[in-house]
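Trainee: I'm new to this one and would rather see one part properly than everything in passing. Please take me through the aromatic rings, and what lies around them.

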Amino acid sequence: MITLPRILFAGAVLIALTGYLFVGSPGLPDQPITKRAEELAARDPSELTGAEMLARLERMTQTRPDDPEPHFFIGQFLMNRGREPDAVRAFQSALRRDANYVPALVGLGDAFVSLSNGSVGPEAQQLYAEAYGRDPSQLRAGFRAGLAFWQSGNSADALRTWSAIEARLPDGSPEQARWREQVASITSQPPDQPESRSSIQGD
C-alpha cells in the first residue's frame with residue numbers, strides 16, 4: 001500500500017509535470033550534471049518545474065536502480081498526457097524492478113484499458129486481479145477484474161467476483177454503499193458496452 005508521503009510526492013510529481021512533454025529536459029540551466037542533481041534533490045518537489053521534476057525523477061532512476069517508484073511516477077505522468085504506449089513501458093520498467101509493486105500493476109492495467117478504448121482484456125484483468133489480491137484496498141482494480149468477465153458476456157463470473165469483494169466490505173459502510181451503486185450502474189447496462197472509468201475508490 002502506498003504511504004501518505006508517497007501519495008503526496010506522487011501528487012507533486014503529477015502537478016509539477018503538467019504541460020511538460022517527455023522529451024528531455026529543456027529549460028534547465030546549463031551546469032554540471034552532478035551539481036544540478038544535488039540542487040534539485042535538496043528542493044521541495046512541489047516547487048520544481050516540470051523539467052526540473054523530470055530531471056529529478058531521471059536522476060532517481062539512476063541512483064536507485066532497483067526502485068520502481070520513479071518509473072511508476074513517470075508512467076502516471078505519461079498517462080495523464082495521453083501517451084499510453086510510453087506509459088506502458090514506464091510501468092513495465094517499474095515491474096521489472098518489483099513484480100509485486102501494486103501501483104504499477106494497476107497503472108499498467110489502466111494503460112492497457114485506455115489503449116483498448118475501455119475494454120478490460122485478459123492482460124489487464126490479470127493485472128487488476130493480482131493487484132487486488134495483494135492489496136484488498138484496491139477496490140477499483142477488483143471491480144475491473146470482474147468487469148472483464150461482464151464485458152465478455154460472462155455475467156455469472158462477473159457477479160461472483162463482485163459479490164466476493166462486497167462480502168469483504170463492512171456492512172453498512174460508505175464503501176459498501178458505493179460498491180453496490182457502482183455494480184448496479186454496470187449491471188443495468190448491456191455487457192457489450194465497455195465502462196472506461198470507475199467511480200470505485202481505493203487506489
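Mentor: Let's count first: there are 6 aromatic pairs here, where rings of Phe, Tyr and Trp (for Trp, its six-membered ring) pair if their centres lie within 6.5 Å, and planes under 30 degrees apart count as stacked, over 60 as edge-to-face and the rest as tilted. Phe 72 and Tyr 101 make an edge-to-face pair, at 6.0 Å centre to centre and 85° between the planes. Phe 72 sits in helix 4 (residues 69-80) and Tyr 101 in the loop between helix 5 and helix 6, so this pair ties together parts that are 29 residues apart in sequence. Helices here are DSSP runs of H or I with at least four residues, strands are E runs of at least two, and numbering starts at the N terminus.

Before going on, a word on what you're looking at: this is a predicted model, so local features need pLDDT of at least 70 and side-chain atom pairs count only at pLDDT 80 or more, while totals for chains, interfaces and linings use all residues. Residues are numbered from 1 along each chain as its sequence is written, and side-chain values use heavy atoms, leaving out hydrogens and water.

Back to our pair. Phe 72 is buried, at 7% relative accessible area, and Tyr 101 is buried too, at 10%; buried means under 20%, exposed over 50%, and partly exposed in between (1.4 Å probe, protein chains only). Moving along the chain, Trp 150 and Trp 162 form a tilted pair, 6.2 Å centre to centre with 40° between the planes. Trp 150 belongs to helix 8 (residues 139-151) and Trp 162 to helix 9 (residues 155-166), so the two rings link parts 12 residues apart in sequence. Both of these Trp residues are buried.

Now for the helices that carry the Trp pair. Helix 8 and helix 9 pack at about 165°, their axes 7 Å apart; axes are lines fitted to C-alpha atoms, for helices over the stretch in contact, and angles run from 0 to 180 degrees between N-to-C directions. That's why helix 8 and helix 9 are roughly antiparallel (over 145 degrees; under 35 is roughly parallel, 65 to 115 roughly perpendicular and the rest oblique). The residues in contact (heavy atoms within 4.5 Å) include Phe 143, Phe 149 and Trp 150 of helix 8 and Trp 162 and Ile 165 of helix 9. Sorted by class, that contact has 8 nonpolar, 4 polar and 1 charged residues; Ala, Val, Leu, Ile, Met, Phe, Trp, Tyr, Cys and Pro count as nonpolar, Asp, Glu, Lys and Arg as charged, and the others, Gly among them, as polar. Ser 163 is in helix 9 as well, but it's partly exposed, at 45% relative accessible area.

Let's return to the other group of rings. Phe 72 and Tyr 101 share one aromatic cluster with Phe 73 and Phe 91. Phe 91 is also one of the helix 5 residues that meet helix 6, where Leu 108 and Phe 112 are among the partners. Of the residues in that contact, 11 are nonpolar, 3 polar and 1 charged. Helix 5 (residues 84-97) and helix 6 (residues 102-115) pack at about 155°, with axes 9 Å apart, which means helix 5 runs roughly antiparallel to helix 6.
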